[in-house]
Amino acid sequence: MKILITGSNGMLGSDLVKVLENDHELIATTSKVLDITDEDKTVDFIKENNPDIVINCAAYTNVDGCEENIDLAFKVNGEGSKNLAIGCSEVGCPLVHISTDYVFNGENTRPWVEDDEVGPISVYGKSKLEGEIAIQEILDKFFIIRTAWLYGVNGNNFPKTMLDLAKHHPELTVVTDEVGCPTYTLDLAKAIAELIQTDYYGIYHITNSDSCSWFDFANYIFEVADVTVEVTPVSASEFARPAPRPSYSVLENKKWVENGFEPLRSYKEAIKDYINIIR
Ligand SMILES: NC(=O)c1ccc[n+]([C@@H]2O[C@H](COP(=O)([O-])OP(=O)(O)OC[C@H]3O[C@@H](n4cnc5c(N)ncnc54)[C@H](OP(=O)(O)O)[C@@H]3O)[C@@H](O)[C@H]2O)c1
């Protein structure tokens, strides 16, 4: 297939390139080559390249930054996604769009399924939801993939931050009342590679299996990495950050499993591989 990838230098985008490049013809773009906020250029670029499918990994992902830069958040995450959908509709190709657990409000007592009511509590979540809505309005053929708590080789993320902090701090405090599904971008990229071979369009939750709090995740990272550090649990309210985060963010990969795909491995297995690679 001829695949156009946006945000190909990002954490997920760079793993997608690795996973797809041997079997497909890739047009891997950065914001310099294709700024998705420019509607005319985006639509023209898609028409000129005429891909079989577009995968949108481009986003303004700084969750706290979005609270300050509201216009930019909606421009990239909302309008940018819409522009890609318009381009895809012009050439008749499907769009794969990466979205987030932050479209939910976090107030649930069971894992979120794809058709649960959305209700984002942060600017980032609201802007990502705007992108989801625009795509569904414009296209019939789309895969919207909500994922969560990503980490990968090519980006800043929680495991890297924890391991860096532990080099200079014998004690760390980590939030214990936010629960989610840590997900390795390489595993997600492999799942996307499988999904695009099908025409099972729609909204998907795709994460590594099993869930934990940030506190549990930090402790597990240190156990795997064989690092000794004292980790103290704190509540999110004691750990002030500009953007509110959903407290319960576990995504059930319901549609993925119903459509016959294998559940992704546990985050506990995935993080072991990741730590071996980065150390
Ligand atoms: N990180 C997480 O924990 C997480 C969790 C759930 C969902 N997601 C979603 O997963 C996707 C991938 O996230 P990620 O963490 O891999 O992101 P990332 O590392 O921040 O990469 C995002 C990329 O978007 C590109 N970009 C920004 N503005 C752009 C524009 N106007 N036009 C074109 N490209 C633009 C940047 O490209 P340049 O470098 O070329 O400027 C950047 O490389 C995003 O949709 C994100 O919302 C992430």
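Both faces of strand β5 turn out to be covered in this predicted model. On one side sit F142, I144 and R146, on the other F143, I145 and T147, and every one of these residues is buried. That pattern fits a simple rule: in a regular strand, side chains alternate between the two faces of the sheet. With 6 of its 6 residues buried, β5 is largely enclosed by the rest of the structure. One of its neighbours is β4, and the two strands run parallel, joined by 6 bridges. A handy pair to look for in the picture is I98 with its bridge partner in β5, I145.

Stepping back, β5 belongs to an open sheet of 6 strands, which pair in parallel fashion in the order β2-β1-β3-β4-β5-β10. The edges are taken by β2 (25–28) and β10 (202–205); each has just a single partner strand, so one side of each has no neighbour in the sheet. Neighbouring strands here are turned against each other by 20 degrees on average, direction ignored.

The pairings further along the sheet can be followed residue by residue. Strands β1 and β3 are parallel and share 4 bridges, with I3 standing opposite I53 in β3. Strand β3, residues 53–56, is in turn linked to β4 by 3 bridges, again in parallel. Here V54 has L95 of β4 as its bridge partner, while I55 stands opposite V96.

Two of those residues come up again in the nonpolar core. The largest such core has 75 residues, and the members that touch the most others are L16, V54 and L95. Helix α4 supplies the largest share of this core, 6 residues. This is in keeping with a broad trend: in soluble globular proteins, nonpolar side chains tend to be buried together. What does L95 touch, once its neighbours within four places in sequence are left aside? The list runs to V54, N56, L84, A85, C88, I135, L139 and F142. Among these contacts, F142 is a familiar name, as one of the buried residues of β5.

L16, another of the core's best-connected members, is one of the buried residues of helix α1. This helix is mostly covered, with 7 of its 10 residues buried. Those residues are L12, G13, S14, D15, L16, V17 and L20. The cover over them comes from several directions in the fold, including strands β1 (2–6), β2, β3, β4 and β6 as well as helix α7 (185–195).

Helix α1 also matters for the picture of the ligand. The ligand is surrounded by 28 residues, of which G7, G10, M11, T30 and A58 are the closest. Three elements give two or more residues to this shell: α1 (11–20), α4 (70–91) and β4 (95–100). Which of the elements gives the most to the shell? That is α1, with 3 residues. In chemical terms, the shell splits into 13 nonpolar, 13 polar and 2 charged residues.

Helix α4, which appears both in the shell and in the core, also holds a glycine worth a look, G87. With 26 other C-beta atoms within 10 Å, G87 is buried. Apart from neighbours within four places in sequence, G87 is in contact with T42, V43, I46 and K47. By way of contrast, G87 and K272 are 185 residues apart along the chain, and their C-alpha atoms are separated by 40 Å.

Finally, two loop residues show an unusual backbone angle. N50 has a positive phi of about 45 degrees although it is not a glycine, and W149 likewise has a positive phi of about 45 degrees without being a glycine. N50 is in the loop between α2 (39–49) and β3, whereas W149 is in the loop between β5 (142–147) and β6 (150–151). Are these two residues buried or exposed? N50 is partly exposed, because it has 13 other C-beta atoms within 10 Å. W149, with 25 C-beta neighbours inside 10 Å, counts as buried.

How values were computed: Residues numbered from 1 in each chain as written. Predicted model: local features only at pLDDT ≥ 70, side-chain atom pairs only at ≥ 80, totals over all residues. Near = placed C-beta within 6 Å. Nonpolar A, V, L, I, M, F, W, Y, C, P; charged D, E, K, R; others polar. Core = buried A, V, L, I, M, F, W, Y, C linked by C-beta atoms within 7 Å. Buried ≥ 20, exposed ≤ 12 C-beta atoms within 10 Å, placed from the backbone. Contact = placed C-beta atoms within 7 Å. Pairing = 2+ DSSP bridges. Axes fitted to C-alpha atoms, helices over the stretch in contact; angles between N-to-C directions.
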